[in-house]
Amino acid sequence: MTGLNPRITVEVGKMGGKPSIRGLRFTVYDLASYLASGMTEDEILKEFPYLEKEDFQAVFEFFASIPERISVLEAPR
């Protein structure tokens, strides 16, 4: 992956090569999952004090830069 925010790192052998935040063992997907579950940025920062406010913007930029979007199909009724 090229053109990533420098806060997003990809290291072979760390977290299965998934994009992580500043080399921490905390992936962009982890942060997105907490946000999607309804946690606020402040709640996440309190729970994970090693994260920084600027990490959120880096994760938002990461997902905004993905060219393919995942389509969600409505489940059959």
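## Overall architecture

Contact here means heavy atoms within 4.5 Å. On that basis, residues 24 or more positions apart account for 38% of the contacts in the protein chain that have a separation of 6 or more. The model is a predicted one, and the description that follows should be read with that in mind.

The protein chain contains three helices and two strands, and when these elements are read along the sequence they follow the pattern β-β-α-α-α. Of the 77 residues in the protein chain, 25% are buried. The surface that the protein chain exposes comes to about 5600 Å², and carbon and sulfur atoms supply 56% of that area.

## The nonpolar core

The largest nonpolar core has 13 residues, and the members that touch the most other members are Ile21, Leu31 and Leu51. At least two residues of this core come from each of three helices, namely helix H1 (28-36), helix H2 (41-47) and helix H3 (53-64). The greatest contribution is that of H3, which gives four residues to the core.

Which residues does Leu31 contact, once its neighbours within four places in sequence are left aside? The partners of Leu31 are then Ile21, Phe26, Ile44, Leu51, Asp55, Phe56 and Val59, a list in which Ile21 and Leu51 are also among the core residues that touch the most other members.

## Packing of H1 against H3

The axes of H1 and H3 come within 10 Å of one another and cross at roughly 100°. Because angles of 65 to 115 degrees count as roughly perpendicular, this crossing makes H1 roughly perpendicular to H3.

On the H1 side, the residues that meet H3 are Val28, Tyr29, Leu31, Ala32 and Leu35, while H3 brings Asp55, Phe56, Val59, Phe60, Phe62 and Phe63 to the contact. Sorted by character, the residues of this contact of H1 with H3 divide into ten nonpolar, no polar and one charged.

## Ile21 and Thr27

Ile21 is found in strand S2, and its relative accessible area of 0% is why Ile21 counts as buried. Leaving aside neighbours within four places in sequence, Ile21 is in contact with Arg7, Phe26, Thr27, Val28, Leu31, Leu51, Asp55 and Val59. For one of these partners, Arg7, which is 14 residues away along the chain, the C-alpha atoms of the pair are separated by 5.8 Å.

Thr27 is found in the loop between strand S2 (20-21) and H1. Is this loop residue buried or exposed? Thr27 has a relative accessibility of 3% and therefore counts as buried, the cut-off for that class being under 20%. Beyond its neighbours within four places in sequence, Thr27 is in contact with Met15, Lys18, Pro19, Ser20 and Ile21.

## Glu11 in the loop between the strands

Glu11 lies in the loop between strand S1 (8-9) and S2. With a relative accessibility of 33%, Glu11 counts as partly exposed, whereas Thr27, at 3%, counts as buried.

When neighbours within four places in sequence are left aside, Glu11 is in contact with Gly17 and Gly23. Gly23 is twelve residues from Glu11 along the chain, and the C-alpha atoms of Glu11 and Gly23 are separated by 7.6 Å.

How values were computed:
Residues are numbered from 1 along each chain as its sequence is written. This is a predicted model: local features need pLDDT of at least 70, side-chain atom pairs count only at pLDDT 80 or more; totals for chains, interfaces and linings use all residues. Side-chain values use heavy atoms; hydrogens and water are left out. A nonpolar core is a set of buried Ala, Val, Leu, Ile, Met, Phe, Trp, Tyr and Cys residues joined through side-chain atoms within 4.5 Å. Buried means under 20% relative accessible area, exposed over 50%, partly exposed in between (1.4 Å probe, protein chains only). Accessible areas come from the Shrake-Rupley method with a 1.4 Å probe; for residues, only the protein chains shown count as cover. Axes are lines fitted to C-alpha atoms, for helices over the stretch in contact, and angles run from 0 to 180 degrees between N-to-C directions. Angles under 35 degrees count as roughly parallel, over 145 as roughly antiparallel, 65 to 115 as roughly perpendicular and the rest as oblique. Ala, Val, Leu, Ile, Met, Phe, Trp, Tyr, Cys and Pro count as nonpolar, Asp, Glu, Lys and Arg as charged, and the others, Gly among them, as polar.
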